[in-house]
Amino acid sequence: MSKNLRINNKQFIDETRKLSFIFNGKKLYGYKGDTLASALLSNDIHLVGRSFKYHRPRGIMTSGSEEPNAILQIGNDDALTEPNVRATEIELYDGLICNSQNCWPSVKFDIGGINNFLSPLLPAGFYYKTFMWPASFWEKYEYFIRKSAGLGKSPTKQDPDMYDHRYMHCDILIIGGGVSGLIAAKIASDDNKKVLLLEDKELLGGSLIYDDNDISKIDNQKSSEWLKKLIENIKNDKNIIIKTRTSLAAYHNYNFLLARQNLTDHLSVNDRNNKIRQRLYKIRAKKVIISTGAIERPQVFHNNDRPGIMLASAVKKYIDYYGVRCGLENVIFTNNDSAYETALSLHKSGTKLNAIVDIRNNSSSEIVNKVKSLGIQIYWNHTIVNTKGYKRINKVTIMKLNDKGNDVVGKKIELNCDCLAISGGWTPMVHLFTQSGGKLKFDNKDNIFVPDKTNLNQLSIGSAKGDFELDDVLKNSIKDTKKFLQIENSNFDKIDVKCSKEKEKKNIWLLPSDKPLSKTKPFLDYQNDSTAKDIKLALREGFKSIEHVKRYTTTGMGTDQGKLANMHALGIVADTTNTNMGDLGTTTFRPPYTPLTFGTIVGRNVGQFFDIFRKTPMHDWHVDNNAKFENVGQWKRAWYYPKDGESMHDAVQRESKAARESSGILDASTLGKIDIQGTDANEFLNRVYTNAWSKLQIGKCRYGLMLNEDGMVYDDGVTTKLGENHYLMTTTTGGAANVMSKLEDYLQTEWPELDVFLTSVTDHYATASVCGPNAKKIINKIFKDLDLSDESFPHMSFKEVKLGNINCRVMRISFTGELSYEINVEASYGKYIWEKCIEAGKEFNITPYGTETMHLLRAEKGFIIVGQDTDGTMTPVDLQMDWIISKKKYDFIGKRSLYRSDTIREDRKQLVGLLTDDPNEILEEGAQIVKDENKKPVNMLGHVTSSYFSPTLKKSIALAVLKEGKKLKGQKLLVPMIDKTIKVTVSDTVFLDKENERING
Amino acid sequence: MFLINCPYCGERDQSEFVSGGEAHIARPKQPTELNDDQWAEYLFMRKNIKGIQFERWNHAHGCRKWFNVARDTSNDKIEKIYKMGEQPPKL
Amino acid sequence: MKNKYSIFSLIKNAFSNHENWQRAWRDPEPKKEYDAVIVGGGGHGLATAYYLAKKHNLTNIAVVEKGWIGGGNTGRNTTIIRSNYLWDASAGLYDHALKIWEGLSQELNYNVMFSQRGVMNLAHNLQDVRDLKRRTHANRLNGIDAVWLETDEVKKFCPIINTSQDIRYPVLGGTLQRRAGTARHDAVAWGYARGADEMGVDIIQNCEVKGIKRNGDSVEGLETTKGFIKTKKIGVVAAGHSSVIANMAGLKLPLESKPLQALVSEPVKPIIDTVVMSNAVHAYVSQSDKGELVIGAGTDSYVSYTQKGSFNIVEETLKAILELYPIFSRMKMLRQWGGIVDICPDASPIISKTSIKGLYFNCGWGTGGFKATPGSGDLFAHTIANDEPHKLNAAFNINRFVSGDLVDEHGAAAVAH
């Protein structure tokens, strides 16, 4: 440290813990308690970044989340690096590495700085007016625009850190641990309320905790001392949960709020291992108190953006809290009394204050009088017209304001400085209030927007509601909190507060200069480089709404989301258009309040926890037997079981041959299962399925097709009549949850008169389906006493049988066209029964087959798969399943829609079979079918829905939907692919065993 | 994120519920008597009101019961919750 | 004649300190009567007015806008433009729009920054593969440039996607439309407004429609907050508020207005150079020219006009983003917002006459209207001017909900538009 910038013995800095960090490759030191910004400043570093557009040198400007300039890339590890971190918010830790962004080759010498000289060509919205010629060049222009845009760099490797979520409930949520929030917390706690108090900094106390002047007194004590006692009291209060380093991110309707707690970002990297990095609190609060304070405004004048120009309140905080002087030659520029506190802090710390420039004519408050008494030069009714110093401010030029305040008069005075502290007044942080849907009103006295109306149970207090002086803050916070909580008395009722009172106020949104506006650069949005000129240009060009101005000039759209810029932008628009600011309104404040890490929003739901895996009870067996799996909804289904390096094709051919020639076994546990009971169960089925159910006998099964109310096929499956008023419905695997919901909906809302109860039992049963010519022999080996004769146990029937103590429901139903038995057992016996089947089937080469073989086997028989052969636009008639539509039933779900004028057309797309001329050619599922591919536009008749090579038939087969397909049987059509055209013939949908002989073995 | 006071379970987070759209559109008792226009009116046409809408909600991740909600769609304020089969309140 | 925008006009104006730029559009008070009034000053409405003036010589027309132009879904969407739709009718409509996009900056003399950086749709299960291949074949035969990519080609085109086959829903391939991309949303509204204004169209902001006056089966005019405006033709392009306007005329529409959310990250240097969409792992992402990741979330299940959705939708979306792009975990959400999307039961729009003479509706764009802006404006203008639909929007008539002849894009486009 060449200069003496560090003031020792500050209570918030631990000087026994020296920390090293690296900024732009240079090793520097700071102390525990520093932020990165205060540590940089203590090393006399102001220049930390370059602006977005003009690449102007920019320095640390604030001490909080409103910082527009000091945003750095933290870390240099590909996985852990983080872009756009505010130096003012990150606590210094040992080994911190950071780099300036948006500059090349370095922040001190940045080639992009040339943009500053091109700035006359780069006014607001210039890109809308150019880069249009030649048309084909936009992508080339854009390449360079994109390259130069962006700030930091994204990580390029996976984040190793963990993030967490927690739900919180409280009576009173208090956002902001400054003096007003603390008082409110105490009042609420004394009333026995459960309080959750959030503070985004490490310590409670807000700005009053480091207040060091002798004017403000609470109960005759120095205000900061009084506050410390209150904090100790609150820390020991069992009704109050305090979360520090916790920033409120979003305030949603119904008092639902999100807050982010930083848990490790302040620790050195080695100390972070296995700790949760950030936690997201999802808070439901009965009442919310917003005590988020206010942000100081800058002033808008020519060249107001140089490194070394800072908010006056920040200069004060760096001295009083961090013990860091921001400069050795200071000038203050203000329009209000609060900057005089900075003057006192500078004086008290022995830091040179060359002058105060105040646009007001005078001020006679206690604090100003005190500053006057110190002999500090004050230039009343003066403004800054220019500043000098490229990478660090070294001079300001001031002139006198005229009476109207719209021009300058007299002689220029130059003042030396290496730090200019500016204050343009204060803006209440109403962001959360408006996020929650609250409406603002404009206060002409202080030129601020303050909370007005809200629908929610909430209250704003302190400077967040527009109280800036200590006595107002305390007394109104006490009064308002009591009223809000409906409390008569509090322990603060007799509080005695002394403070300086501001009497003179003056505000000029855009300060005049001796030069015309066009020759100046008065910045509003530092990060996005928008100036007062840009605002005026936008207004000239007809962008009238404040939202238009914002979007056209990009004011307020940087990573600080306009926390510093917005009020001045509004003020200049109001002045230029002669509008009342209250009538103008504000732009929308959108969540989050400060940027929120994606990882924090997602929490633990990453990687293997992204979504649940649903596994059948036989899953482990499939894994042990080398199954490949297919995702069907959330289920993992065995897809095929390759042996000895088989391809999928070979495995499927082998599996399907085995099923047709001897026996196969399928895990059908994933099919949806709904237990239906009640005296009206039969009537219910009649209403939800297209076919008739009245005559189904106990012990018999029936296939059903379910439509949507729009007449389109929705689901299908077999339902078994277990008892007089008891059925078991099966649904498709993917449709199970939706079918259940739909049936419940009809039952509860349309047909409450029906005595029917539905229970989802999908997970309660496991199903092993054994098929093939030897299936009967295998089942017979397992259930020796079960009569499997066709007379006793015909196709589409069901038997209940015991295997030891295990209750088994055996259904003789078939989706493959083979003789087939489905054994349903309680899920916990699933693997047992499966292995039992495998063991019994060994001598018959029982072959486990997966979904792919199942699809092939059913396609040979022309059985549809809902969702594959249908797409929400197919009716049963389109599927050539007219037989399943009961003509006798008066109504069922979807029936009326089948008779709409378009739905009854004969020339709709219909399900057909397709055979390729070359039997070895397998069509691609999804391929389109045409009659003539040369006539443009090509008239597409339909598409291939299912396609396989059938080892039994020794040829390729396919199902397709085809316009007027019913009429086209035997016709030759074409399937055009990218590289060839495949000739096909339309066929019947049933390719194998049209007589259904196999079903009986 | 609303809080919905399920008539069977009490106040719960909105994420436990699924909306079923406009309420009191009864399925016609005799669909076959309707012409295509009338059927389309039932099937597809919705008031889609900005203001107080009577709508159906299902406590899908709870008791799975359907019930009715009167909610102001302009500010998402829930005015009244009432059971299936009950008449909409006068608001 | 307005200033022509070009690098030369920019240089010229730099010499006069940009003091002499003309207004991009006037700020007129409404006249007593217009030949046609467009309700809604979003991209679609302004484009409709532009084409009515330009192609149909209807210049005594107005656009009335409740707030500020481009302030609804135009300014709130994720700006994805593509035409790889499944059904012939949709492909025709969206590719018509895409062709106009390709010359729009020059046509409007306003850089809408149409950037053909490609749109990729990912498949995560076998049915996705079938559906996307089906769409690709249909696109190819419809003359739309869509190709199927195997997983390694997906990785090559966008290297930051996690294509590991060990993740919960691995990428099994995808489709790519290279002509697709993004554009600058505000510029579209402003460019059309400037163009329409130049031809004499009155763009009237802060003018809310309060009623539609009818004489029997014909419209006579509009009650607005700026007084009564007489007109025989009203074209409503009010997006989420379509039903509100329809109710004023005693019509019901097959629409529900639901919250749809989007978000952007803080700006970073180029990291993703295309648009990637996924249905099964529901997320879509691109990077704006400013460097922000632009991420689209899903719709909520309920009707709401608040422009606010529920947080769990955002949570689910980012969950999906981190599944596909684990490197984005430390990126930060800068802004998050919602719009109101009017959704038809078949996920296709309505560009149609109604049962009331002189009343036309252009609505139901759901989550995907931005991409259609120029085509929608052109076809709606045609429909209004001729009192008959163009052949490209004939299928999007309101009667399809009666006949059952829907254009069901659910299967193909479902959520991610």
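Across the interface of chain C and chain A in this predicted model, 59 residue pairs are in polar contact, both residues of each pair having pLDDT 80 or more. Helix 5 of chain C (residues 126–141) gives the largest share of the side of chain C that touches chain A, namely 9 residues. By residue type, that side of chain C divides into 43 nonpolar, 26 polar and 28 charged residues.

The contact joins 97 residues of chain C to 116 residues of chain A. C:Arg168, C:Lys269 and C:Arg330 together supply 10% of the area that chain C buries against chain A, more than any other three residues. Among the salt bridges of this interface is that of C:Arg134 with A:Asp871, whose closest N and O atoms lie 2.9 Å apart. Strands also meet here: strand 32 of chain A (residues 596–597) pairs with strand 18 of chain C (residues 332–343) in the antiparallel sense over 2 bridges. In this pairing, A:Thr597 stands opposite C:Lys332.

Chain C also touches chain B, with 26 residues from each of the two chains in the contact. The salt bridge here links B:Glu41 to C:Lys252, the closest N and O atoms being 3.0 Å apart. On chain B, the elements that give two or more residues to this side are strand 3 (18–22), helix 1 (36–43) and strand 4 (52–58). The side of chain B that touches chain C comprises 8 nonpolar, 9 polar and 9 charged residues.

The buried areas and their carbon and sulfur shares are tabulated below.

| Interface | Buried area | Share from carbon and sulfur atoms |
|---|---|---|
| Chain C and chain A | about 9500 Å² | 56% |
| Chain B and chain C | about 2100 Å² | 56% |

How values were computed. Residues are numbered from 1 along each chain as its sequence is written. Chains are lettered from A and ligands numbered from 1 in the order in which they are written. This is a predicted model: local features need pLDDT of at least 70, side-chain atom pairs count only at pLDDT 80 or more; totals for chains, interfaces and linings use all residues. Side-chain values use heavy atoms; hydrogens and water are left out. Contact means heavy atoms within 4.5 Å. Buried area is the accessible area (1.4 Å probe) that two parts lose on being put together, summed over both. A salt bridge is a side-chain nitrogen of Lys or Arg within 4 Å of a carboxyl oxygen of Asp or Glu. Helices (H or I, at least four residues) and strands (E, at least two) are DSSP runs, numbered from the N terminus. Ala, Val, Leu, Ile, Met, Phe, Trp, Tyr, Cys and Pro count as nonpolar, Asp, Glu, Lys and Arg as charged, and the others, Gly among them, as polar. A polar contact is a pair of N or O atoms within 3.5 Å; within protein, one must be able to donate a hydrogen and the other to accept it, and residues adjacent in sequence count only if both atoms are side-chain atoms. Two strands pair if DSSP finds at least two bridges between them.
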